[in-house]
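This report covers how secondary-structure elements pack in one protein model. The sequence and structure come first.

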Amino acid sequence: MSLKCMAPEIQQQIHLTDAEDQLCTLLDEFTRHLEKEQDVRTTCRISGGWVRDKLLGHDSNDVDVCLSDMMGVPFVEQFVAYLSENKHIPVHKVAKIESNPGQSKHLETARTTLFDIDLDFVNLRSEEYAEHSRIPTGVKFGTPLEDALRRDITINSLFYNVHTRSVEDFTEKGLDDLRNGVVRTPLPPLQTFRDDPLRVIRCVRFASRFGFEMTPELRDCRTRWFYTSNEALISKISRERIGEELDKMMKGTQPLRAVQLIDELSLYRCIFHVPDDILAAASFPSSSPETSVIACTILQNILSTGSSSTNQLAVPVHPTLLSHMSRDPGTKARLFLAASLFPFYGVTYKDRKQREHYLVEAIIREGLKLGNKNYYLDAIPALYSAASELIAGLSLNQDRSPCNRYPPETDSSSPGLFLRNTKIHKAHSGTHWTTSLLFSLVCELAHLGCTSNGPTSRADTIRSRRGLGNEVIDLVEIKAGPWTKIVLDKVFEWQLEHPEGDKAACASWLKEECESRRIDVQALIESTSGSKRTQDGEGGISKRAKRQAQ
């Protein structure tokens with residue numbers, strides 16, 4: 001699947017806020033003070049995401065300051081003392097963050113807040129890695145170029161020199177890649193990913209976040225390394241770090257694109273990892289990872305209905321189904337993570353006490369180590385449970401799944417009983433009845449799409465031919481009436497079962513159904529004519545009429 005991007009507009013130079021300007025001035029003054037009073041020379045550069053975001057015209061309150069030939073803690077301790085004694089500027093207490101290689105903290109970091117800006121100070125460094133670990137075996141003071149080359153992608157390797165007030169691009173590719181919307185590794189992809197496989201996943205996150213395109217070299221790398229990288233990705237990266245990256249993707253602006261890239265780069269099984277002992281207890285094998293793209297595409301098309309999007313494939317749904325999204329911002333991320341787990345739909349396993357669980361629960365808890373962040377662990381298994389109940393009871397194909405689980409729609413008590421079902425509505429654990437219904441619709445359409453050629457082909461095909469039923473039914477050559485809706489429902493059902501069928505095929509099928517009296521139009525007319533039950537507000541089409549069309 002080709003994913004084209006539009007090159008972003010970037011600023012010609014970084015425009016500082018008043019607080020940022022004052023910060024840079026004080027850092028410059030303090031380094032001059034160090035050189036004059038202690039003969040200590042260092043340079044302050046702001047690195048990484050802040051530089052990238054400012055060039056893209058976005059504000060950032062998270063500033064990482066890299067120091068040449070000086071550790072962060074002693075620098076900040078003296079900087080704070082200087083501000084207090086010479087400038088009478090209060091600064092938040094300095095926190096020392098110890099190195100924690102397992103959580104990607106390879107050097108101790110000094111952290112404080114000044115002018116409501118969160119500041120981290122660390123030295124420029126170069127790193128060496130062992131073959132079977134993403135934790136550096138050697139870390140030493142480095143040059144700006146060495147520090148830039150060790151980073152994940154070029155657009156994150158830019159520096160802002162606080163003394164010269166200029167952007168520095170030591171890889172000589174970062175600025176061009178930012179202008180052109182390109183994700184590129186500073187070093188050859190194989191070297192970058194072998195040193196730290198987590199960078200593969202970060203490439204996906206940034207490509208999806210900004211809508212950037214990966215370089216041909218990076219995409220080609222998948223054929224030589226990605227297909228044999230499962231062991232490295234699983235053994236060298238902590239599951240917490242993978243879960244953290246995936247959480248950011250789901251909460252980002254383009255979660256669908258993230259799932260598409262994960263599938264394209266054959267990373268699905270590595271990211272959505274199932275521990276071997278649990279996998280051995282699974283009730284049946286999962287489906288193809290491509291089905292995650294199908295489910296997420298359908299979800300995106302549904303959500304497009306409630307936005308200003310011009311998506312022509314938007315699936316119209318009642319606004320009520322989207323209403324909870326505005327009240328709970330975490331709902332969208334939960335739905336996309338649930339949809340991305342669609343290959344495991346219906347798969348269960350039994351724990352040591354022989355209690356049955358959905359496999360998605362184990363993936364969230366053990367494979368991604370997300371816990372109950374954003375209600376993932378509570379809500380997503382509940383969404384799958386609700387989908388199973390609703391699809392079995394309210395299937396689009398009533399012939400194969402009779403609607404016998406819930407009271408008929410004329411029963412005034414059914415809405416209340418529906419909302420009391422904790423499998424469908426449990427608001428305090430992140431499950432709302434509207435999202436349960438919406439996710440069930442996604443699963444139902446995804447099941448249909450999975451049997452067709454390409455993601456959501458059935459749903460998209462049906463939408464593109466919504467007027468087909470009315471055209472075909474004209475062939476019956478009888479004046480329309482209450483009976484028409486029953487036949488239209490059967491035509492729509494035929495369309496779901498035959499997404500590639502054209503008008504002629506549908507007409508031929510309908511003619512045969514009528515001639516064989518499997519659809520008895522005359523009987524439908526007689527059973528619906530003059531019946532009050534066919535009028536609005538009287539319960540809809542009669543049960544007898546429905547049986548005539550089955």
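The text below treats a sheet, the helices on it and one helix pair.

This is a predicted model, in which local features need pLDDT of at least 70 and side-chain atom pairs count only at pLDDT 80 or more, while totals for chains, interfaces and linings use all residues. Residues are numbered from 1 along each chain as its sequence is written, and side-chain values use heavy atoms, with hydrogens and water left out.

Helices (H or I, at least four residues) and strands (E, at least two) are DSSP runs, numbered from the N terminus. Two strands pair if DSSP finds at least two bridges between them. An open sheet of 7 strands runs in the order β3-β4-β5-β2-β1-β8-β9, and its pairing is mixed. β3 (95–97) and β9 (166–168) each have a single partner strand, so one side of each lacks a neighbour in the sheet. Strand β8 (residues 159–161) pairs with β9 in the antiparallel sense over 3 bridges, and asparagine 161 stands opposite serine 166 in β9.

Two helices lie on this set of strands; contact means heavy atoms within 4.5 Å, and angles run from 0 to 180 degrees between N-to-C directions, with axes fitted to C-alpha atoms, for helices over the stretch in contact.

| Helix | Strands touched or crossed | Angle |
|---|---|---|
| α1 (residues 18–38) | β1, β2, β4, β5, β8 | about 35 degrees with β5 |
| α3 (residues 72–87) | β1, β2, β3, β4, β5 | about 25 degrees to β4 |

Elsewhere in the chain, helix α10 (residues 239–251) packs with helix α16 (residues 330–340) at about 115 degrees, their axes 8 Å apart. In this pair Leu246, Met250 and Lys251 of α10 meet Ala333, Phe336 and Leu337 of α16.
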